[in-house]
Amino acid sequence: MTGRETSNLEYKEEISNTFLKTVSAFANYETGKIIFGVNDEGQTVGLKGDLDQLCLNIENKINDSIKPAPDYRIKIDEKKKVIEVQIFEGDYKPYVYKNKAYKRADAATVEVERLEYNRLVLEGTNTDYEELAADTQELSFKILEGELKSVLGISELNEDIMKTMDLYSDKKGYNKAAELLADRNECPGVDIVRFGNSIDEFLDRENIENVSIIEQYHKAISIYRKYYQYEVIEGSQRRKVEKLPEKAFREALANSIVHRVWDVKVPIRIAMDKDKIEIISPGGLPVGISKEEYLKGQVSILRNPILGNVFFRLNYIERFGTGVKRINQSYEKSVIKPEFSFYENSLSVTLPLLSLDIGMLDEAEQSVYLALEKEMAHTRETIEKRTNLNKSKVIRVLNRLIEMKMVEKTGVGRGIKYRLL
């Protein structure tokens, strides 16, 4: 018994042309092995015939059928009568069999779709999507120019500066990255929805599209500030309070723009709830980085290095992949932490509201806070009984907690009740 098939291991009981699809898949995406003489259940059954001749047959099939020729190694196990072929991921993608490219889907081999095929072509020529020529060369950059003037102190945005930032070349003109930064474009944007008590209750929605990704970035931050920041008056001073760290939201938003795939025409989705914000970005992890490396910031691979460089110059992101660390640092004193979820075609970051450290409250405030619940609203009289505080004290504390956005008042007149937010 050898074990079950995986994404980088396939068994073949005998030699037939079907294995060539898997050769294409391994050469295109991930180094893998094909073991001949083992059945689908992982049981070694052995090959019949001269193993050296069978090896030659395998070599001829690969060399004649896979274009361009992949790099592989063949090993014979005379005792078990099996042949192991290791196919290495190549640099000259796509590797095709009968003019089709393949990939592994768990333990199966499937043909790639057109979009994925185009990505292989770009990867094989060491080209990023953002380097392709823009769909139109009639572009303006007033927003980008204003940001660069403010941050870098340039006098004007000219052709030489665009070349320096890899947004323009004499041969191609403006590229896709420049198009995304242009004042107007046909590219997907950011779809923001603010929910009420359920996903069926839409309180607000704004789809920011066909504008510069810089404008997308700033508009999304303005909407965040509208609903997740407020001011309290302490004496003669005003103090800004964040229900959710702006630093974390900025990092997550900038990363979603810089790291997303742009050849998929769907927007970044931002779901705003009472207790959290979820940012969903099209495109899984970049090739060459694991979940653990992403979360620990050990490896930084920019899917869109040109856009990443522009955002770095504008101080929207850090160059060395510290985004996740900076998000987590924003929640150092919070009990509830951010969550990162990974899927084949998307990434999501969930930013919870900062959980309360009741040690920040005075004794009376703590007493009232602990007497309340999220699920059930209580009258002032009930709170007085639970806390042993007099009426005037309870009213003052409740008003203070309401001002801090920690307590909600519902009802009117004799029906007024209080509950935790």
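Altogether, 28 salt bridges are found in the structure, which is a predicted model. Several of these pairs sit within single helices, and they make a convenient starting point for a tour of the fold.

In helix α8, which spans residues 246-259, Arg250 and Glu246 are four residues apart and thus separated by about one helical turn. Their side chains meet in a salt bridge, with an N to O distance of 2.8 Å. The two partners differ in their surroundings: Glu246 is buried, with a relative accessible area of 8%, whereas Arg250 is partly exposed at 26%. Because the cut-off for a buried residue is under 20% relative accessible area, Glu246 falls into the buried class with its 8%.

Helix α8 also holds Glu251. This residue is buried as well, with a relative accessible area of 3%. When residues up to four places away in sequence are set aside, Glu251 touches Gly323, Arg326 and Ile327.

A related arrangement appears in helix α13, made of residues 380-387, where Arg380 and Glu384 are four residues apart, about one turn of the helix. The side chains of Arg380 and Glu384 form a salt bridge of 2.6 Å, taken from N to O. Glu384 has a relative accessibility of 18% and counts as buried; the limit for that class is under 20%.

Helix α14, covering residues 391-403, offers a further example with another spacing: Glu403 and Arg400 are three residues apart, again separated by about one helical turn. A salt bridge links Glu403 with Arg400, and the closest N and O atoms are 3.9 Å apart. That distance qualifies because a salt bridge requires a side-chain nitrogen of Lys or Arg within 4 Å of a carboxyl oxygen of Asp or Glu. Both partners are partly exposed, Glu403 with a relative accessible area of 32% and Arg400 with 23%. Elsewhere, salt bridges that share partners connect Glu10, Lys12 and Arg104 into one network.

Attention now turns to charge on the surface. A patch of negative charge is formed there by Glu13, Glu14, Asp40 and Glu41. Of these residues, Glu14 is placed in the loop that runs between β1 (9-12) and α1 (19-28). Glu14 is exposed, its relative accessible area being 57%. 

The helix that follows this loop presents another picture. Nine of the ten residues of α1 are buried, so this helix is largely enclosed by the rest of the structure. The buried residues are Phe19, Leu20, Thr22, Val23, Ser24, Ala25, Phe26, Ala27 and Asn28.

Helix α10 (305-313) precedes a loop that leads to α11 (323-329), and it too contributes buried residues, namely Ile306, Leu307, Gly308, Asn309, Val310 and Phe311. These buried residues pack against four helices: α4 (142-152), α6 (176-181), α7 (213-228) and α8. Helix α8 thus reappears here as a packing partner of α10, in addition to hosting the pair of Arg250 and Glu246.

The backbone has some noteworthy details of its own. After α10 comes Asn315, with a positive phi near 65°, a value found here in a residue other than glycine. Asn315 belongs to the loop between α10 and α11 and counts as exposed, at 62% relative accessibility. Lys81 likewise has a positive phi, of about 60°, without being a glycine. Lys81 is placed in the loop between β4 and β5, and with a relative accessibility of 40% it counts as partly exposed.

Finally, cis peptide bonds occur at two prolines described here. The bond that joins Lys67 and Pro68 is cis, with omega about -10°, and Pro68 is located in the loop between β3 (66-67) and β4 (72-77). The peptide bond from Lys93 to Pro94 is also cis, with omega near 0°. Pro94 is found in the loop between β5 (82-87) and β6 (96-97).

Note on methods. Residues numbered from 1 in each chain as written. Predicted model: local features only at pLDDT ≥ 70, side-chain atom pairs only at ≥ 80, totals over all residues. Heavy atoms only, no water. Patch = residues over 30% accessible without salt bridge, like charges linked within 9 Å, V, L, I, M, F, W, Y side chains within 5 Å. Areas by Shrake-Rupley, 256 points an atom, 1.4 Å probe, with all protein chains shown as cover. Lys, Arg positive; Asp, Glu negative; His and termini not counted. Charge placed at Lys NZ, Arg CZ, Asp CG, Glu CD. Helix = DSSP H or I, 4+ residues; strand = E, 2+ residues; numbered from the N terminus. Buried < 20%, exposed > 50% of the residue type's maximum accessible area, 1.4 Å probe, protein only. Contact = heavy atoms within 4.5 Å.
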